[in-house]
Amino acid sequence: MSQTTDATEVDVQALEQEGEIAADYIEGLLDIGDYDGDIDMDVEGERAIVAVVGASLDELVGKRGEVLEALQELTRLAVHRQTGNRTRLMLDVGGYRERRRAELTKMGTDVANDVKQSGEAKPLAPMTPFERKIVHDAVAAAGLRSESEGEEPGRYVVVHPS
C-alpha cells in the first residue's frame with residue numbers, strides 16, 4: 001500500500017516540477033513580449049496546469065486559440081528539454097480554456113439532442129484535440145457515440161445516433 005502512495009507522491013512532485021519549469025518559461029516569454037500577467041500553477045488529475053491571468057491577453061490566445069496552442073507546444077518542448085520526459089502540461093491564458101470548455105460542452109449536448117431527434121449522424125467543424133475531447137465527453141454523457149475523423153489540423157467529430 002505504501003508503495004502506491006510513494007509512487008503517487010513522486011508523480012505529483014514531477015508534475016509540480018513540470019509546472020515550475022513551464023511557469024519560468026512562460027514568465028520569460030511574457031517579459032520579452034512586455035505582457036502583464038500573473039502565473040498560477042496547479043496539478044489536476046495527471047497533468048500540470050499553468051495559467052496566465054491578469055491584463056488583456058487576447059493576443060496570446062489568438063483566433064480560436066491558435067496562438068495559445070502554439071505557446072502550449074513550445075512550453076511542452078521547454079519542459080521536455082529540461083526533464084527529458086514528454087509532458088501533458090496544459091497552458092491556459094486569460095481563462096480561455098475554461099470558457100471554451102463550457103461552450104463545447106453545451107455544443108456537444110445540443111448536437112447530441114439534434115442527432116437523437118433526427119436519427120442521422122452529424123459532423124462538426126474541425127477542432128483541436130482538447131476541443132474534441134470535451135465534445136466526445138458531452139456526447140457520451142448524453143448517451144450517444146462520437147468519433148474523430150480526418151487528419152490534423154482538419155480533424156473533426158462526428159456524432160452518431162445510438
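Here are a few notes on the sheet and on one helix pair in this predicted model.

1. Let's start with the sheet. It is open and built from three strands, ordered β1-β2-β3, with mixed pairing. The edges are β1 (38-44) and β3 (90-93), each of which pairs on one side only. As for twist, neighbouring strands here are turned by 20° against each other on average, direction ignored.

2. Next, the β1 and β2 pairing. Strand β2 covers residues 47-53 and runs antiparallel to β1, with seven bridges joining the two. If you want one pair to look at in the viewer, take Val43, whose bridge partner in β2 is Ala48.

3. Now the helices. How far apart are the axes of α4 and α5, and at what angle do the helices pack? Helix α4 (residues 96-118) and helix α5 (residues 129-141) have axes 8 Å apart and pack at an angle of about 40°. That angle makes α4 oblique to α5, because angles under 35 degrees would count as roughly parallel. The crossing of α4 and α5 is right-handed.

4. Which residues make that contact? From α4, they are Tyr96, Arg97, Arg100, Arg101, Leu104, Thr105, Met107, Gly108, Thr109 and Ala112. From α5, the contact takes in Phe130, Glu131, Ile134, Val135, Ala138 and Val139.

5. Finally, the make-up of that contact. Sorted by class, the α4 contact with α5 has nine nonpolar residues, four charged and three polar. Arg97, Arg100 and Arg101 of α4 are among the residues in the contact, as is Glu131 of α5.

Definitions and conventions:
Residues numbered from 1 in each chain as written. Predicted model: local features only at pLDDT ≥ 70, side-chain atom pairs only at ≥ 80, totals over all residues. Heavy atoms only, no water. Pairing = 2+ DSSP bridges. Helix = DSSP H or I, 4+ residues; strand = E, 2+ residues; numbered from the N terminus. Axes fitted to C-alpha atoms, helices over the stretch in contact; angles between N-to-C directions. Parallel < 35°, antiparallel > 145°, perpendicular 65-115°, else oblique. Left-handed = near helix turned anticlockwise from the far one by under 90°. Contact = heavy atoms within 4.5 Å. Nonpolar A, V, L, I, M, F, W, Y, C, P; charged D, E, K, R; others polar.
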